[in-house]
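Grab a pencil and work through these exercises with the structure beside you. Try each task yourself before reading its solution.

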Amino acid sequence: MQRTTDNITIRQGDTAVIRCIVDDKVSKVAWLNRSNIIFAGEDKWSLDPRVDLVTKGQEYSLRIQKVDVYDEGPYTCSIQTQQLPKTSQVHLIVQVPANIYNISEDILVNEGENVSLRCLANGRPEPIVSWRLLNPSAEPLESDEFVEITGITRSQAGRYECKATNDVSTPDVKYVNIVVNYPPFIKDVKSSETQVGHTGVLQCIASAVPTPEFAWYRDEKRLSNTQGIQIQILGFRTILFVSNVTEDDYGNYTCVASNKMGIHNASLFLYTPESLKKILEYTVLKVDLQKSWLDSLLFLCLIYFC
């Protein structure tokens, strides 16, 4: 008599118990894996130390500890009775948690270049691989082992998460960090309204990768830490201190931020309300007319409207 084959699903590393029930009329019983005898009665034929019998009352079950993928397959409990032989067959299915075994290294790239991400995973059943950028404003990425980013931008820099899941266990997760180099952009400046004899403070903040180098200019002359001038550079911010301000110190100052990707500059003003008109007139005469008017209008906006 042949009974319909049952399936037992077990996770890799767990213990499988394949049950077989016999009665008092049974004369002989054995466990087989395919055509290989594992146990004949209580005599162990297998050399595998992970395999043993569970015998309680009418139970004649096969126990396999630390199950692995090579244990998968058919197992047959063969029973010999006084009437007819019987077999009870079970197919053992071994599931393997998702495992990421190959993933891209961290990436340093220049803005505008193409980037390829790789995340290879295995498991049983075959895992689903998905990518996401850990940035709340980022768009979702493709669910695939390979992701292509064409013309990467600075907003696409960050930590990328690869997740492999097949519902056998908790997903396997690994990360790739992408650093995108881009030229400086001065995003904030603060001019200074300062009375004679006081200290003027001009501030310039830039965004860039790698971290920018800063320089300060008054007209065409580069400034340095000398008597009356102090320059501080704090990462992405630079501050120019002009101590004991005199009438000659009023005017236009230029903050320059640079790195290997490029350069950007912005104009700032050290002024009093009375000197503002003189500053703008001097700027118009000294600098290119169009650029000067733009700087002046921006300054007026910062002072009176924005």
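**Exercise 1. Find the order of the strands in the open sheet of three strands, and name its edge strands.**

Step 1. In this predicted model, the order of the open sheet is E2-E7-E6, and the pairing is antiparallel.
Step 2. Look for strands that pair on one side only: these are strand E2 (16-18) and strand E6 (51-54), the edge strands.
Step 3. From one strand to the next, the twist averages 25°.
Step 4. Now zoom in on one pair. E6 and strand E7 (residues 61-64) run antiparallel and are joined by four bridges. Across this pair, Val 51 stands opposite Ile 64 in E7.
Step 5. A reminder for your notes: strands of a sheet pair through backbone hydrogen bonds, either parallel or antiparallel.

**Exercise 2. Decide whether Asn 33 is buried or exposed, and describe its surroundings.**

Step 1. Locate Asn 33 in strand E3 (residues 26-33).
Step 2. Its relative accessible area is 15%. Buried means under 20%, so Asn 33 is buried.
Step 3. Leave aside the neighbours within four places in sequence; Asn 33 is then in contact with Ile 38, Pro 74 and Tyr 75.
Step 4. Take Pro 74 from that list. Its backbone oxygen lies 2.8 Å from a polar atom of the Asn 33 side chain.

**Exercise 3. Place the cis peptide bonds from Arg 124 to Pro 125 and between Val 209 and Pro 210.**

Step 1. For the bond from Arg 124 to Pro 125, omega is near 0°. Pro 125 sits in the loop between strand E11 (115-124) and strand E12 (128-133).
Step 2. For the bond that joins Val 209 and Pro 210, omega is about -5°. Here the loop holding Pro 210 runs between strand E17 (200-209) and strand E18 (213-218).

**Exercise 4. Asp 219 and Asn 244 each have a positive phi. Work out how accessible Asp 219 is, then do likewise for Asn 244.**

Step 1. Asp 219 is not a glycine, yet its phi is about 60°. Find Asp 219 in the loop between E18 and strand E19 (221-222).
Step 2. The relative accessible area of Asp 219 is 34%, so this residue is partly exposed.
Step 3. Asn 244 is not a glycine either, and has a phi of about 50°. Its loop lies between strand E21 (237-242) and strand E22 (251-259).
Step 4. Exposed means over 50%. Asn 244 has 52% relative accessibility, so it counts as exposed.

Methods
Residues numbered from 1 in each chain as written. Predicted model: local features only at pLDDT ≥ 70, side-chain atom pairs only at ≥ 80, totals over all residues. Heavy atoms only, no water. Helix = DSSP H or I, 4+ residues; strand = E, 2+ residues; numbered from the N terminus. Buried < 20%, exposed > 50% of the residue type's maximum accessible area, 1.4 Å probe, protein only. Polar contact = N/O pair within 3.5 Å; in protein donor to acceptor, adjacent residues only side chain to side chain. Contact = heavy atoms within 4.5 Å. Pairing = 2+ DSSP bridges. Axes fitted to C-alpha atoms, helices over the stretch in contact; angles between N-to-C directions.
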